[in-house]
Amino acid sequence: MAVLVKSGSLVTADWLSSVDGQEYLASILRKNKRKVFGLLERPVLPPQIAPDIASYKIFLSGKSGVGKTAAIAKFAGLEISSVHHETTGIQTRTVYWPAKLVESGRVIMFRFQFWDCGEASLKKFDHILAACKDKADAILFLFSFTDRSSFNDLPSQMSRIVDDSEKIVKIVIGTKFDQYMHTDVTERELRDFQQTWHLPVFKMKSINGPRLSDGKTLDGKAGLLEGDDNDEDLCINSNSGYSPDHRGNYFSDGTTKVDFVLVWEVKKKRSKRQKVRSSYQEMEREEKDPTKMNLYNRHEKWRNKFVKNLQNAGLLMEKDITISEKKSIHYLKLSAPWDVLVYYAEELSLRAPLQALPNPCMNMSEIILEKLSIPNIMTEHVPNRPVDYYTCPFRKSKLDKFLGSYNHETYFTNTQRHRIVCEILATTVYGKRKRIQVGIDRLLNENVITSAFPLHEGPYELPEYEVPPESLNPRQSLYKYWARWSQWYRYQPLDHIREYFGEKIAIYFAWLGFYTTWLLPAAIVGTLVFISGLMSMNTSKPAEEICNSSNLYLMCPLCDTCDTWNISEICSMAKLGYLFDHPGTVFFSIFMSFWAVAFLEHWKRKNATLAHHWDSVNFEEEEERPRPEFAARAPTMEQNPITGIKEPYFPEKDRLSRIITGSMIIIIMLLIVMIFLVTVIMYRGIISVMMYHTGNTILKTQAGNIANISSSLVNLILILLMGQIYTSLAEKLTRWEMHRTQSQFEDAFTFKVFVFQFVNFYSSPFYVAFVKGRFVGYPGHYGKLFGMRNEDCGSGGCLIELAQQLFIIMVGKQMITNIEEFAIPKLKAWRQKRKLAVARGSQICQEHKQWEDDNELIPPEGLIDEYLEMVLQFGFITIFVAAFPLAPLFALLNNWVEIRLDAQKFVCEYRRPVAERAQDIGVWFNILEALAQLSVIFNAFLIAFTSEFLPRLLYQYEHSVHLDGYINFTLAYAPNTYVQSNHTMCRYKAFRDTDGNLTLFYWKLLAVRLGFIIAFEHVVFFIVRIIDWIVPDIPESLEVKMKRERYLAKQALADNQDIYLSEAVLSTEP
């Protein structure tokens, strides 16, 4: 019969936590960090403290999936991987643990060598079991509380592996007992097993242990419980291995987590001697301006009351002060204790875990490649993936039904803790409640508090030496597996992003990654269309006729002071024009129309899956509080009809009048955009004439291209300049409109910015595509604007000019934006560090704490600019794609850079934002749908009226299938009246007779164009509706999971659960 040694009878319990133990650890640790030893290494200790070493070989046995590798990780104090991997062959891990013997008081070093082998290898090779048992001191038999078959297999496993004659210690451990509400193995069965086999049975937790008192390392306690849950833990500590640095995430006691940090600066008061030395003018200025002192006193009063009310709300706090010659920086660290967390978890309807389930594969390409047995270079194992659960709303009364609720340290995630503390900060009074002097946002707005933020979980820099990936802190993992440039082709670790930054930011990156993935087929097809045009441009019959025409076609002058010219001079441009205007571009337009709709439909499915996976389905914010700025500037107080509380009120009639006034300002700004557009048109005309009059043959033939490219660059500069000016103006207008809540403010601001940027970016391409060349007139009757002849399309046609515009505006804007996103955060961070360095003064050389490091980072900016950039890009690749098949390729290249730039900003440059919940991308999806619908209409008009596709098609039908004589047919003769006024007979492009009247072919072509638009739109929209009908918004497998979750939630939250279940059983009996 095995004798269970009472904890603490052989070695001193918790000796490592004592002063004596801490001193001993400090003498053997390297730079106060645990060390990972190589295969043939061992600890090298100073002679004066080198202890005796007691070595034990321990073999772990159990069925596949019971958690043998996870158990060893727990013993070693390492992070437990959330992904199951079958162990191949034999794996060993050696753990050194110093302990102090009770009887002699001598320190001894235990050396545990854990042997683990996979079940498949054990069955396949006969020698493995013998090798594992050879000279083994103990065997740990593991079973899982979630797998009854592993428990039933224990007797046969023990009799098969160990003979009664062998003197080997046998211990039975049940794993994962905290993952389900109802385990598969009952307490009675455990007692029967112990009585039968005379062996102790321990229970092991499946979650990572807490941090040690230094805040740096995982607790090596295995979490083994024998008998009742109240018994003492069997401790197996480990001090080997790397652990992530969390130097600022705990109070000075090393156990209380820091959930939030408030920062403010206080100028030091000068001494009397310093005051006497002050100049007379300065003293006089201070006497005349007492408002500064009054403001300082008011701010100090508000701060003190705010801090006192935070204490009354139950928050724990600790202050740290950095003092310099001129000012002091105060860091107030806040922590929410368990009772506060439980109360607000129910108030905020946080989700509570009911049952663990396998993490789903969220990448469709990964599933497809796996089925096709194709190697997938995009996949990479990211350690410590968050566990997926069936969940339900949190209820304090049902706490015992939720997984892991016994562990107060780890039950609530860090993002949940941040959200709860942020809620407390947002609702705490600092002044008079009648004046809505409430919340941290208004204190920040009034500069009472300088900054408020949750802490990053350690530094993002990777350690200089090799460490196990599981040992990295979450920020380091995100940097290593996501934010580095070398990860550009890898899948994004969306679950890790969501766990660290919250659903709102994770949804953005999920959408950006999904959009980028869908750009790949569009880029491939667009590139193939472009290559096909490149290969066939020399076979174009119209281009061949132009090149071989010599002096056959004398063209009318391009301006009033220009000379006639031969059409053969534009041979190269005619071939280049065919590159962007051939049947392949028509096919690509249709393809992209279907692509846009299919992309949005599949994103709805992906979004539904993510929303359920991240517990944000049907998420809606509670009644939002008024914005701090609204509360400060509202003229009156009114009772809220929902809450019944008096709050700041702004009359709807006054707001409506302000919105109308703001709309007039927006219209004026749009008119300014139109004025700039006309200015660019006139600039293009002037440059063309100047180039033509240089006398240079190359400049004369390329005058139109030079003018178009240079004007596009000027237009890009004006677009970016106007965008910056208007964004600032739109923000001020939206503030002036006095929207009550932050959501209303963001929606109004988003609408203003998008409408303006839509016109700002798309007005010039729209002009080239649909207006340019339509109002030119004909010789003797040219249309004019401000005395200048109206623009005609260049020698290669309007599509090539449109392609040039799109390339310069789209690609140029992307390059400038990426440079800004790379450089500006670094400049802001440098400025912030410089500012704080001045404030710290001589203390700058001291080692920074985590809250000081985070305070040097820049505040996180919203996602509006990020979404706006991508939505405008989506418009470029869908609305005008017929003219620029390479647009999806450039968008794809940009987005690969964009993902890593944004990732680096959030991981390295920004303070950690408060995790916000979200179930979708919001109003941006509606904008994308509108752009997808517009793209069908725009592409139909582009093909019908701008492209030469339909004129060539009608000519082939009526005259020549091979387009013989097409150029001559499209060139009209100058009217007789024009020739009689001392002008040379010349040709111009139009379907007109010698009197300048439109021919019958023009009217046939117009009918064909209108018919094509109607047919194109109806066919595309019909197929789009079929796609919408065929592709359900919610996958069928997801619906089953949602029903299963609702069933589990109903059971967990039902007060009469036992009665309900008994009635269900009785109802099934005959």
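Trainee: Let's start at the surface: is lysine 301 buried or exposed?

Mentor: Good place to begin, and do keep in mind that this model is predicted. Lysine 301 lies in helix α10, which covers residues 291-312. Exposed means over 50% relative accessible area. Lysine 301 has a relative accessible area of 63%, so the word for lysine 301 is exposed.

Trainee: Which residues gather with Lys301 in a patch of positive charge on the surface?

Mentor: Lys counts as positive, so a group of Lys residues can make up such a patch. Here the patch of positive charge on the surface brings together Lys301 and three partners, namely Lys305, Lys308 and Lys432.

Trainee: How many disulfides does a search of the whole structure find?

Mentor: Let's go through them by name. One joins cysteine 547 to cysteine 571, and another is formed by cysteine 556 and cysteine 986. The search of the whole structure gives a total of two.

Trainee: How many residues apart are cysteine 547 and cysteine 571?

Mentor: Their sulfur atoms are 1.8 Å from each other, and a disulfide joins them. This pair links distant parts of the chain, with cysteine 547 in helix α18 (residues 541-547) and cysteine 571 in helix α19 (residues 571-580). The separation of the two is 24 residues.

Trainee: Why is the disulfide of cysteine 547 and cysteine 571 given a handedness, and which one is it?

Mentor: The handedness comes from the torsion about the S-S bond. For cysteine 547 and cysteine 571 that torsion is about 90°, so this disulfide is right-handed.

Trainee: Is cysteine 547 buried, partly exposed or exposed?

Mentor: Buried means under 20% relative accessible area and exposed means over 50%, with partly exposed in between. Cysteine 547 has a relative accessible area of 23%, so the label is partly exposed.

Trainee: How far apart in sequence are the parts that cysteine 556 and cysteine 986 tie together?

Mentor: The sulfur atoms of cysteine 556 and cysteine 986 are 1.9 Å apart, forming a disulfide. Cysteine 556 lies in the loop between β14 (554-555) and β15 (565-566), while cysteine 986 lies in the loop between α33 (976-980) and β23 (987-989). Both cysteine 556 and cysteine 986 are buried. Because of where they lie, the pair ties together parts whose distance in sequence is 430 residues.

Trainee: Now for charges: which residue forms a salt bridge with arginine 417?

Mentor: Side chains of opposite charge can pair when their charged atoms come close. Arginine 417 has a relative accessibility of 5%, so it counts as buried. In its salt bridge the closest N and O atoms are 2.7 Å apart, and the partner is aspartate 259.

Trainee: How many residues apart in sequence are the parts that arginine 417 and aspartate 259 tie together?

Mentor: Arginine 417 lies in helix α13 (residues 414-427), and aspartate 259 lies in the loop between β7 (224-226) and β8 (260-267). At 1% relative accessibility, aspartate 259 counts as buried. The pair therefore ties together parts with a sequence separation of 158 residues.

Trainee: In the salt bridge of arginine 385 and aspartate 495, which residue counts as buried?

Mentor: The side chains of arginine 385 and aspartate 495 meet at 2.8 Å, N to O. Arginine 385 has 21% relative accessibility, so arginine 385 counts as partly exposed. With 8% relative accessibility, the residue that counts as buried is aspartate 495.

Trainee: By about how many helical turns are glutamate 652 and arginine 655 separated?

Mentor: The side chains of glutamate 652 and arginine 655 meet in a salt bridge, 2.6 Å from N to O. Both sit in helix α22 (residues 652-692), three residues apart, so their separation is about one helical turn.

Trainee: Which residue in the loop between α24 (703-736) and α25 (742-770) has a positive phi, near 60°?

Mentor: The residue is something other than glycine, and its phi is near 60°. At a relative accessible area of 2%, the residue is buried. The name to remember is methionine 738.

Conventions:
Residues numbered from 1 in each chain as written. Predicted model: local features only at pLDDT ≥ 70, side-chain atom pairs only at ≥ 80, totals over all residues. Heavy atoms only, no water. Patch = residues over 30% accessible without salt bridge, like charges linked within 9 Å, V, L, I, M, F, W, Y side chains within 5 Å. Areas by Shrake-Rupley, 256 points an atom, 1.4 Å probe, with all protein chains shown as cover. Salt bridge = Lys/Arg side-chain N within 4 Å of Asp/Glu carboxyl O. Charge placed at Lys NZ, Arg CZ, Asp CG, Glu CD. Helix = DSSP H or I, 4+ residues; strand = E, 2+ residues; numbered from the N terminus. Buried < 20%, exposed > 50% of the residue type's maximum accessible area, 1.4 Å probe, protein only. Disulfide = S-S within 2.5 Å.
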